[in-house]
Amino acid sequence: MSRRIIIFVISCLLSLSTKAQWELGVKNSLDKVFNTRLYLHYTASSAKQKNFLADIRFRPRGSYRTYLRKEVPLSTDESIVFTIPVTLPPDDYEIDVDILDRDLDAHVSLTLDEPFTVHPASEVQVSDIFLSYRDSFQQAFLAPLPGKTISQGVENLFYYLEIKAPGYEVLSVRAVLYKEQKNQESTSTQAYESMYQSSQVIYVTEGQKLVFKDVIPVANLSEGEYLLDIRIYDDDEPLNNEGIRFEVGGNIQKKIFSDLDESIRMMEYTVPVEILERLLRFPDEKVKAVEFKDVWKELYGENADKMMEAYFRKIYQANERFGEGTDGWQTDRGRIFIQYGEPRIKSLTINGKEYERWTYGKWSLSFLFEKRNQRYVLVE
């Protein structure tokens, strides 16, 4: 491996390590002043005081014009959720966050996988759904769960929905939990199997915000993708609805260590090939497993397990999404997905040939894949 490639690998690892300390979330809310809350979840790697500067930009979808920009100083010596409230007109927004670590003079960029929609005005207003392991709306409102993966071993998952319904006295709220059926291609609820239902009658106080709350027994759910759909009715007349998708994760480490040689080969995007070859040469599986873990500890210290699971979760996602007669992680699209994350994808037809253009606005990167005999090849 050339020195240039090794430097590139190390720089990617440093970026991934820093990025792993931060997670970005955004929610519609029914606050009296602000209709949108941006959440920055920070995981501290030590008890040392850290100082950051977050540069946040909200852009209407497809526009290079920044509608709103905020620079927010952040300081903490522990893991914390920073909440930044804003008011935005209804629209779809692309959100970019650049976080400067003032102590290290290092940057990390965050963005959403897809545009965020600010709810338009309606007769019955609802927030986004807030998920939490805690039996408290206040905790969920100030610090909803980051990401979309729910750990197995958790007993209960609480969910909350804010509702404003001026002009109504009584409303019916029904929540249905669906599990995705892998063999279905539809994105509607027809592609899901109903797992759980909950209905409540709520009484409206004029001008007041209501909170609908219930719990999902996560311990009873199997690994897979789920959709929680909440609908509001006046008698049988539908008034509004809100949904959220999440994943119940399995024991990913068990999956990693079930075929350790293959997992080592899958690390080729993170460490030099000579390290992988050294790991593969250990004949004793127990020794090999210890050495495998030590490589991750050398890279990420206290965050080793979290980083390892995050990396292999991307590997398995690439296998599911980009398999083309070979494992998805070994395809051109899979490799780019693992290294850079979720892209914005545009399908193209040029001179009768099919292409996919992947763009990453936060890095000003663009990749063009040409479809050749059911495979997509990186051509630009």
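**Two sheets and a helix pair in a predicted model**

Glu-356 sits in strand E19, where helices and strands are DSSP runs numbered from the N terminus (H or I with at least four residues for a helix, E with at least two for a strand). The model is a predicted one, in which local features need pLDDT of at least 70 and side-chain atom pairs count only at pLDDT 80 or more, while totals for chains, interfaces and linings use all residues. Residues are numbered from 1 along each chain as its sequence is written, and side-chain values use heavy atoms, with hydrogens and water left out.

Back to Glu-356: with a relative accessibility of 11%, this residue counts as buried (under 20% relative accessible area, against over 50% for exposed and partly exposed in between, with a 1.4 Å probe and protein chains only). The Glu-356 side chain makes a polar contact of 3.4 Å with the side chain of Arg-333. Such a contact is a pair of N or O atoms within 3.5 Å; within protein, one must be able to donate a hydrogen and the other to accept it, and residues adjacent in sequence count only if both atoms are side-chain atoms. Neighbours within four places in sequence aside, Glu-356 is in contact with Arg-333, Ile-345, Lys-346, Ser-347, Phe-367, Leu-368, Phe-369 and Tyr-376, contact meaning heavy atoms within 4.5 Å.

The sheet around Glu-356 comes next. Four strands make up an open, antiparallel sheet in the order E18-E19-E20-E21, and two strands pair if DSSP finds at least two bridges between them. Strand E18 (344-350) and strand E21 (375-378) are the edge strands, each with a single partner strand, so one side of each has no neighbour in the sheet. On average, neighbouring strands here are turned by 30° against each other, direction ignored. Angles run from 0 to 180 degrees between N-to-C directions, and axes are lines fitted to C-alpha atoms, for helices over the stretch in contact. E18 and strand E19 (residues 353-360) run antiparallel and are joined by seven bridges. One of the pairs puts Ile-350 with Lys-353 of E19 as its bridge partner. Helix H8 (residues 332-340) packs on this sheet and touches E19, strand E20 (365-372) and E21, with a direction at about 10° to that of E19.

A second open sheet has three strands, ordered E1-E2-E5 with antiparallel pairing. Strand E1 (22-28) and strand E5 (80-86) stand at its edges with a single partner strand each, so one side of each is left without a neighbour in the sheet. Here the average turn between neighbouring strands is 20°, direction ignored. Seven bridges join E1 to E2, and the two run antiparallel; Val-26 stands opposite Leu-38 in E2, and Gly-25 has Tyr-39 of E2 as its bridge partner. E2 and E5 also pair in the antiparallel sense, over seven bridges, with Val-86 in E5 as the bridge partner of Thr-36.

E2 itself is mostly covered, with seven of its seven residues buried. Thr-36, Leu-38, Leu-40 and Tyr-42 point one way from the strand, whereas Arg-37, Tyr-39 and His-41 point the other way, and all are buried. Thr-36 belongs to strand E2 (residues 36-42) and is buried at a relative accessible area of 0%. The side chain of Thr-36 makes a polar contact with the side chain of Asn-35 (3.0 Å). Apart from neighbours within four places in sequence, Thr-36 has contacts that include Val-26, Ile-84, Val-86, Phe-116 and Val-118.

Then there is a helix pair. The axes of helix H5 (residues 273-280) and helix H6 (residues 285-300) come within 9 Å and cross at roughly 155°. That makes H5 roughly antiparallel to H6, since angles over 145 degrees count as roughly antiparallel, under 35 as roughly parallel, 65 to 115 as roughly perpendicular and the rest as oblique. From H5, Ile-275, Arg-278, Leu-279 and Leu-280 meet Lys-288, Glu-291, Phe-292 and Val-295 of H6. The residues of this contact divide into five nonpolar, no polar and three charged (Ala, Val, Leu, Ile, Met, Phe, Trp, Tyr, Cys and Pro count as nonpolar, Asp, Glu, Lys and Arg as charged, and the others, Gly among them, as polar).

Last up is Leu-227, placed in strand E16 (residues 224-234). This leucine counts as buried at 6% relative accessibility. Leu-227 and Glu-247 are 20 residues apart in sequence and 8.8 Å apart in space, C-alpha to C-alpha.
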